[in-house]
Amino acid sequence: MNNSISDITLLIAVIALALWPVVLFVLRFLHERNKRRERLDRLTKNELDTLSTQELVTKTLQQMGCQPETDEEGHINFQYQGADFYIAAEEGSRFVMIWNPWWGSVSADSEALPYLKEVINLTNVNSLVTAVYVTDEEDEKTIGLHAHCHTFFAPGEGNLGEHLKLLLDAFFDLQTAIKDSMNQIGSAVAAQQEKERVKIKGFAAYKENTQPIEAGNKGKE
């Protein structure tokens, strides 16, 4: 029994020694990441001014709980409430362009498609963001729906996290407005088509109940 316990203890010790370098690496990585976050959180306004627009956007997204990644084009990709977004920062200024690509699509065969342009134009008038639609280059039967907005993004302009959340939430408001309008139009078109398919019988509807009238000789008794 004692030998079994000793063997198990030895095995645990060997495993612990083997994993120790990995544990140290993970702990060091987490420590360095926390230090970077703490440094960014302690930045004063003057220090924020030294950050590039891209760094400022990345810092803000991290504070919002997002996980931004920069692609080869320099765009900052991230997800917000399950939707895909990317931000293009203009390093020569403090302006950024926020895109929500392919948030929806419409078939080129849709009965409501002829009304799409009017729906988008009317929705854009009352929205903080702008919707656009483009025919898919690979599939001409699919119309892609995208949305974007342009905004000033600089230190000293209030709470940047709240500002960014306000704009991102506006994208979902835009989507809802367009979807609701398209659904209503689609239902109206379908109802109109159904009405046109119904044959108006008029007097013919009563034909089967008619009573034949026989011609008689009035002078005959």
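Tyr-80 and Phe-85 are both buried. The model is predicted. The ring centres of Tyr-80 and Phe-85 lie 6.5 Å apart, and their planes meet at 75 degrees, so this pair is edge-to-face. The cut-off for that label is over 60 degrees between planes. In total, the model holds six aromatic pairs.

**Aromatic contacts**

Tyr-80 and Phe-85 do not stand alone. Ring pairs join them with Phe-78, Phe-171 and Phe-172 in a cluster.

A further pair is formed by Phe-95 and Phe-152. Their ring centres are 5.2 Å apart and their planes stand at 65 degrees, so this pair is also edge-to-face. Where do Phe-95 and Phe-152 lie? Phe-95 belongs to strand 4 (residues 95-107), and Phe-152 belongs to strand 6 (residues 142-152). The pair therefore ties together parts that are 57 residues apart in sequence.

Are Phe-95 and Phe-152 buried or exposed? Phe-95 has a relative accessibility of 34%, so it counts as partly exposed. Phe-152 has a relative accessible area of 35% and is partly exposed too.

**Cysteines**

How many disulfides does the model contain? The count is zero. A disulfide would need two cysteine sulfur atoms within 2.5 Å. Cys-66 is buried, with a relative accessible area of 11%. Cys-149 is buried as well, at 5% relative accessibility.

**Accessibility at a glance**

The table sets these residues beside Lys-117.

| Residue | Relative accessible area | Class |
|---|---|---|
| Phe-95 | 34% | partly exposed |
| Phe-152 | 35% | partly exposed |
| Cys-66 | 11% | buried |
| Cys-149 | 5% | buried |
| Lys-117 | 52% | exposed |

**Helix 3 and helix 4**

Helix 3 covers residues 53-63. Which residues of helix 3 are buried? They are Thr-53, Leu-56, Val-57, Thr-58, Lys-59, Thr-60 and Leu-61. A lysine, Lys-59, is thus on the buried list. Just after helix 3 comes Gly-65, with a positive phi of about 90 degrees.

Lys-117 sits in helix 4, which spans residues 116-125. Lys-117 counts as exposed because its relative accessibility is 52%, and the cut-off for exposed is over 50%. Lys-59 of helix 3, by contrast, is buried.

How far is the C-alpha atom of Lys-117 from that of Val-132? The separation is 8.8 Å. Along the chain, Lys-117 and Val-132 are 15 residues apart.

Terms used
Residues numbered from 1 in each chain as written. Predicted model: local features only at pLDDT ≥ 70, side-chain atom pairs only at ≥ 80, totals over all residues. Heavy atoms only, no water. Phe/Tyr/Trp six-rings, centres within 6.5 Å; stacked < 30°, edge-to-face > 60°. Buried < 20%, exposed > 50% of the residue type's maximum accessible area, 1.4 Å probe, protein only. Helix = DSSP H or I, 4+ residues; strand = E, 2+ residues; numbered from the N terminus.
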